[in-house]
Amino acid sequence: MIRHSSNASESWKKLNWKKFRKDLFRLQRRVYKAVTVGDKRKARSLQKLIVKSQAAILLAIRQVTQLNAGKKTAGIDGKASLTSEERLNLSDKLRANFTTWQHQSLREIAIPKKDGTTRMLKVPTIADRAWQCLAKFALEPAHEATFHARSYGFRPGRSAHDAQRLLFNNLSSRSNGIGKRVIELDIETCFDRINHKAIMDNLIAPSGLKLGIFRCLKAGTSVEFPEQGTPQGGVVSPLLANIALNGIEDMHPSIRYADDMVFMLKPEDNADLILVKISQFLAKRGMNISQNKTQLTATTDGFDFLGWHFKVQNNGKFRSFPSVDNYKAFRKKVKAIVNNSNYGAEVKAQKLAPLVRGWRRYHRYCKMDGAKHSLWHISHRAWKVFNQEKKQDRYSTKQLIEKAFPSVPYSENKHVNVRGNKSPFDGDLVYWSERNSKLYDGQTSKALKRQNHSCASCGHKLLSDERVHLHHADGNHNNWKKENLLAIHESCHTYFHMGKSAS
């Protein structure tokens, strides 16, 4: 148990996060190995150790209160943040009450969808999110050993780019993609309709953790469907959805990213028969195919998936581009910044840079030439607005545009896919650290190689289970000398800029 000093903030800062990460990962590797060799009894014993360990408890609290994107979203209790003392108190509460934890009801937030309807984001309290994160630490390595190789969504070491590359492998001219069709599968309100029994029957967990997950599911159900649903907004919800849907990939050659799926059909394949098999699989899990949104499409007509538009051209060449909806949403965000009259050109450039860089990085394996996708029109419009700004005196308009629209190299269909059923929990540090350097380019890739694929902050290997950030050691983001650039974990970088030490 941690002793709470009079200065709780200092106590929290001085916690040995480096050792905690190492201790948790060692246990997770053992869980993964146990399930891989079929020893689920040993796996469950190890999972008990994880949920009781100080390392996992403190890392879970840090994750949900300081690192996650939604860390400042309040639950039904109205709490949007915790002090250091409250975090330490929560760690004691989790340690003492994990198996008897009672989940509070959820705060509902209506999120508009592009079709005009809304979906309900159900947000747990911070304490419940910490419980879920701790549960996820124990559950994830066990189920990573069972998940299908063609499942890529919300899994460590896997990304949308793996799904993009697999589509290229199956629909390129070498695979006779011009003669194929695809089923764009859409599941009706997937997260709201997943049958609890389908999750519980497949859950690899000791009884105390299973009971906690059951309570967690019941806290997010609606009156109309008391036996269905996993709340969107919960830390563990994507993992539970993957557990319920695992195996649908065996119905027919396909690619799955969470509940988004594409099934690839050869000319001789019977689409109706395949849809019947998929329907039967989903029905056992309480779900239905959306008849309005599920489509059978020729590859030559093109289809959208994960923010990209895929199409096999008449000459057989496979192409992918940012989808129309994705581009429009990005352009809307850029215009909102450029046309904002509350701040000057320099501030606008600072706000645009991460947005543009992120969009270009996501699409870096697409065909990105041409005026539209090279963003010539958007940047030219920004140049006109910046040129009219009277307050900019530090930079010329040209320098501001270069800052606002940073270039990112692209290489069409050159992503290197994750190998088979590989998982970061398998302990193959050489594979995962070297793979990570291939996922990055420019200065980040060079920094990874200089550091032997280890985090410059905590010293751990930089595996593919967490994004790598490029840190400027002297704090000057205009100093791009190689000795000033360090590759570190995203969490270490976030923690560093909060004035905390990651070790």
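Me: In what order do the three strands of the open sheet stand?
Reply: This is a predicted model, in which local features need pLDDT of at least 70 and side-chain atom pairs count only at pLDDT 80 or more, while totals for chains, interfaces and linings use all residues. Residues are numbered from 1 along each chain as its sequence is written, and side-chain values use heavy atoms, with hydrogens and water left out. Strands (DSSP runs of E, at least two residues, numbered from the N terminus) pair if DSSP finds at least two bridges between them. The pairing here is antiparallel, and the order of the open sheet is S7-S8-S9.

Me: Why is one side of S7 and of S9 left without a neighbour in the sheet?
Reply: Neighbouring strands of this sheet are turned by 30° against each other on average, direction ignored. Strand S7 (303–305) and strand S9 (318–322) are at the edges, so one side of each lacks a neighbour, because each has a single partner strand.

Me: Which residue in S8 stands opposite Phe305?
Reply: S7 and strand S8 (residues 308–312) run antiparallel and are joined by three bridges. Opposite Phe305, in S8, stands Trp308.

Me: Which side chain of opposite charge is nearest to Asp128?
Reply: Asp128 belongs to helix H6 (residues 126–144), a helix being a DSSP run of H or I of at least four residues. Asp128 is buried (under 20% relative accessible area, 1.4 Å probe, protein chains only) and has no salt bridge, which would require a side-chain nitrogen of Lys or Arg within 4 Å of a carboxyl oxygen of Asp or Glu. With Lys and Arg counted as positive, Asp and Glu as negative, and His and the chain ends not counted, the nearest opposite charge, 7.2 Å away, is on Lys93.

Conventions. Buried means under 20% relative accessible area, exposed over 50%, partly exposed in between (1.4 Å probe, protein chains only). Axes are lines fitted to C-alpha atoms, for helices over the stretch in contact, and angles run from 0 to 180 degrees between N-to-C directions.
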